Every structure is written in structure tokens, then in C-alpha cells.
Amino acid sequence: MDTIITAIEQATPAWLTNVLRRAGVLSQGAVLTVRLSPNAAFNSSIGHLEVAYSADASPTAPTSLLLKLNHEEDGEFEVAFYQKALPLASHLPMLVCCYAAEYFPSSGDSYVLLQDVSSTHIPTPLSRQQILNGEGVPPQPYLERIIDALAQFHAYWWQHPQLNQVAEVSQVKWWFRDEAYYARHVQKRQGEYLRFMDSVGDEIPPYIRQLYSRVLARLPQLWERYLKVRVTTYKNLTFTNGDCYFNQFLCPRNLADANDQTYLVDFQDVSASFGAFDLVYLLATFWTPPQRYEQKHEENLLRRYLQVLQRHGVTGYDWAALLADYKLMLTLIMFVPVWDQTNGSEKSYWWPKMQCLTGAFQDLNCMELFES
């Protein structure tokens with residue numbers, strides 16, 4: 001096991017030499033210098049490392065790396081996922097090359113060492129403020145690449161044998177892992193909603209308050225109706241990113257190159273779940289009804305996702321099944337803005353999200369989940 005590091009500055013030539021040797025990418029020679037360019041990120045520390053090697057070093061050793069540090073157990077799942085994915089790199093081209101990942105249970109610290117692709121790729125070109133201002137639809141070429149990368153990722157892990165393992169990251173998302181977990185989840189949402197109403201209930205339009213009350217009262221029904229069979233058999237489940245906003249994707253700077261891969265990054269919330277969980281985060285959470293309907297953005301991207309799944313070997317899953325899963329996950333994710341508010345987020349963040357999610361819930365008639 002590595003020496004625990006808690007700051008980017010601790011990525012010394014000696015430490016990096018040891019890590020790269022164990023990763024099998026530095027069979028000879030050593031790291032001589034590391035030039036650090038730290039850069040703060042939410043809930044983690046990220047640094048760009050420019051590496052110089054001794055003359056006898058392996059010629060293919062990477063010279064541009066990205067080191068991500070997490071603290072207080074935030075990176076446990078991400079490390080576990082990358083450790084699973086490391087031997088499967090050839091099957092997962094949508095993942096940035098990972099050289100090493102380690103979690104230290106004694107302290108809760110962790111690191112992930114990745115290829116630095118910042119010279120060829122950029123985050124989806126939307127700022128946080130643009131998204132909050134209702135300008136959250138990337139240009140069509142980005143949308144298509146993002147959906148393709150996500151669908152390819154889901155397709156590889158679709159009903160994969162590694163999903164049903166003891167390791168925490170391989171189990172179903174805790175929201176609906178089993179009947180007891182789901183009951184606790186419903187109870188948690190009910191408590192959050194009471195605190196939400198006590199705090200800002202007077203600011204919420206009556207129709208939204210009524211909608212939440214109706215859905216909350218019916219949430220327990222979803223276990224027997226939809227969740228139980230799926231999560232106990234892992235039928236049509238996959239690994240999901242779990243926090244799948246557009247900023248979780250790195251797109252090629254040169255979109256004209258059709259062969260240049262789009263990457264999916266940041267797996268702190270990864271788990272086995274419904275593929276539609278990621279789709280709701282991506283398409284419904286910050287898109288207004290007009291944005292979802294314009295040029296049939298939402299429907300066309302969902303259909304494209306399904307086509308890519310099927311091209312990559314997923315069978316027994318059709319449009320009706322995808323749409324049902326999308327509605328189911330939308331019903332559960334609709335309560336995330338309530339959690340955001342009760343955990344201190346500003347109204348400028350949770351209120352647009354709440355409007356978009358409740359709008360999508362109503363447009364897609366998700367209440368029929370409780371009536372069929």
C-alpha cells in the first residue's frame with residue numbers, strides 16, 4: 001500500500017516513481033521532477049502534474065498526469081470503481097486512463113491518478129451560472145457525444161456479473177437496495193420535506209406543495225410495484241455515475257474528429273442502479289419544459305441512448321421499458337432539491353432544479369406509476 005498523501009504537494013518524484021512502477025507503466029528509470037499545477041475543485045483537490053524522467057525511463061511513461069485527492073471517505077467508491085475498471089480499460093474507452101487508485105481506511109483519504117487530457121478535451125461548455133439561468137442545453141454535437149459515451153458505459157456494465165458482489169460499490173444504490181433500505185429512504189424524504197416546509201413552505205406555489213404531498217404519500221407503493229423484482233435480480237441494472245450532470249463529461253476540443261472519444265469522469269457516487277438514474281440527472285434536472293420539448297431534445301436523446309445500448313449488445317430492453325424507468329427515477333430524484341435546501345444550498349440552486357423536475361414529472365404524467 002502507498003504512503004498516505006493528503007495534499008498535491010506530496011506527489012514527490014519518489015512517490016510518483018513508486019506508484020507508476022506498481023502500475024506497470026514505468027518498468028525502468030525514475031521520475032526526476034514533478035511540476036505541480038494545483039487547482040481546487042468541489043469536495044476534492046485536483047492537481048495537474050508535468051513529469052520528467054531519467055534518460056533510461058520507459059519511453060511510453062506518461063508525462064502529463066492528473067492527481068485527484070479526496071478526504072473524509074468521499075473517494076471510497078470512486079477508488080473501488082476504478083480498481084474494478086483498471087483491468088478492463090480496453091472495454092471502457094469512455095473512461096480516462098487510470099494508472100492507480102488507492103483508498104486509506106484508517107484516515108478516509110484517497111487518490112486517483114489519471115491521464116491528463118486537458119490539452120485535447122474540455123468540460124461540456126456550460127458554466128454553472130448558465131445552467132442556473134436556464135441556459136443548460138449544450139450544442140447538439142456535444143449532446144450526441146455525451147449520450148453516446150453514457151450509453152456505451154451503461155451497456156458494458158448492463159447486468160454485469162460484477163454488479164452483484166459483496167463490495168459496497170457493486171451493490172444497488174442505497175436508496176432502494178432492499179425493502180428496509182427503501183423504507184428508510186422514504187422516511188428520510190418525509191422528514192426532509194417537513195423541514196423544507198417549515199423553512200420555506202410559504203415561498204412554494206400551492207400546486208408544487210400539493211404535488212409533493214401526493215407523491216410522498218404514495219412513495220411506499222413503488223417498492224412492490226417496480227423496485228423489488230429489479231433490485232433483487234439486477235435485471236436491466238448497470239453501473240451508474242450517480243451524479244451525472246453535463247460537467248461530468250470531457251468533450252474533444254476538435255468535434256470534427258469523429259474518432260476522438262468523449263470521457264465520463266468523477267465516480268464518487270457510483271453504484272449499481274437504473275441507467276435512467278443518470279439520464280434524469282442529465283436531461284430533466286435543469287431543463288425547463290420548453291427546452292425538453294424544443295426539437296424533441298429529450299425524446300430524441302433518450303431514443304439515441306436506447307439505440308446505442310442495443311448496438312452494444314443490450315437485449316430485452318425497449319422504448320417502453322426505458323420510458324418507464326425514466327419516469328420511475330424522475331419520481332425519486334424529484335426530492336433531491338428538497339434535500340439540497342435542507343442541507344444549506346441557496347435558493348438560486350435548488351429552486352430552478354425543483355421547477356424543472358416537477359415540470360418534467362407532470363409533463364410525463366409520472367403519477368400514473370401509482371395508478372396502473
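**Entry 1: histidine 154 and helix α4**

I began with histidine 154, which touches Thr238, Phe239, Thr240, Gly275, Asp278, Tyr305 and Leu309 when residues up to four places away in sequence are not counted. I note at the outset that this is a predicted model. Histidine 154 has its place in helix α4, and I record it as buried because its relative accessibility is 0%, against a cut-off of under 20%.

**Entry 2: the three-stranded sheet beside α4**

I then looked up the sheet in this part of the model, and found an open one of three strands, in the order β6-β8-β9, with antiparallel pairing. β6 (121–123) and β9 (263–264) are its edge strands, and because each has a single partner strand, one side of each is left without a neighbour in the sheet. Following the pairing of β6 with strand β8 (residues 249–252), I found that it is antiparallel and runs over three bridges; proline 123 has leucine 250 in β8 as its bridge partner. Helix α4 (residues 140–157) packs on this sheet and touches β6, β8 and β9, while its direction makes about 125° with that of β8.

**Entry 3: the hairpin of β4 and β5**

My next question was how many bridges join β4 and β5, and in which sense they pair. I found six bridges, with the two strands paired in the antiparallel sense; alanine 100, for its part, stands opposite leucine 113 in β5. The two strands form a hairpin with four residues between them, and in the turn I noted glycine 108, which has a positive phi of about 80°.

I also asked whether β4 is enclosed or open to the outside, and what its residues say about that. Seven of the seven residues of β4 are buried, so I describe the strand as largely enclosed by the rest of the structure. One residue I checked singly is glutamate 102, which lies in strand β4 (residues 98–104) and counts as buried because its relative accessibility is 14%. For a sense of distance, I took the C-alpha atoms of glutamate 102 and threonine 342, which are 240 residues apart along the chain and are separated by 32 Å.

On the partner strand I picked serine 110, in strand β5 (residues 109–115). Serine 110 is likewise recorded as buried, because its relative accessibility is 2%. Its contacts, not counting residues up to four places away in sequence, are Lys68, Leu69, Asn70, Gly75, Val79, Glu102, Tyr103 and Phe104, so I met Glu102 again here, within the definition of contact as heavy atoms within 4.5 Å.

**Entry 4: the crossing of α6 and α13**

I turned to a helix pair, helix α6 (residues 206–218) and helix α13 (residues 347–363), whose axes come within 11 Å and cross at roughly 65°. The crossing of α6 and α13 is left-handed. I listed the residues that make the contact as Tyr207, Ile208, Leu211, Tyr212 and Val215 of α6, with Trp351, Met354, Thr358, Phe361 and Gln362 of α13. By class, this contact of α6 with α13 has eight nonpolar, two polar and no charged residues.

**Entry 5: the nonpolar cores**

Which residues touch the most other members of the largest nonpolar core? In that core of 109 residues they are Phe81, Phe176 and Met329, and the largest share of the core, ten residues, comes from α4. I followed phenylalanine 81 and found it, leaving aside neighbours within four places in sequence, in contact with Leu95, Phe153, Trp157, Val169, Phe239, Phe267 and Val270. A second, separate core has 23 residues, including Trp15, Leu20, Leu26 and Val34.

**Entry 6: two residues with positive phi**

Last, I looked at the loop between α7 (221–233) and β7 (237–240), where tyrosine 234 lies. Tyrosine 234 is not a glycine, yet has a positive phi of about 60°; with a relative accessible area of 12%, tyrosine 234 is buried. Asparagine 236 is found in the loop between α7 and β7 as well, and has a positive phi of about 55° although it is not a glycine. I entered asparagine 236 as buried, because its relative accessible area is 6%.

Notes
Residues are numbered from 1 along each chain as its sequence is written. This is a predicted model: local features need pLDDT of at least 70, side-chain atom pairs count only at pLDDT 80 or more; totals for chains, interfaces and linings use all residues. Side-chain values use heavy atoms; hydrogens and water are left out. Buried means under 20% relative accessible area, exposed over 50%, partly exposed in between (1.4 Å probe, protein chains only). Two strands pair if DSSP finds at least two bridges between them. Axes are lines fitted to C-alpha atoms, for helices over the stretch in contact, and angles run from 0 to 180 degrees between N-to-C directions. A crossing is left-handed if the near helix is turned anticlockwise from the far one by less than a right angle, and right-handed if clockwise. Ala, Val, Leu, Ile, Met, Phe, Trp, Tyr, Cys and Pro count as nonpolar, Asp, Glu, Lys and Arg as charged, and the others, Gly among them, as polar. A nonpolar core is a set of buried Ala, Val, Leu, Ile, Met, Phe, Trp, Tyr and Cys residues joined through side-chain atoms within 4.5 Å.
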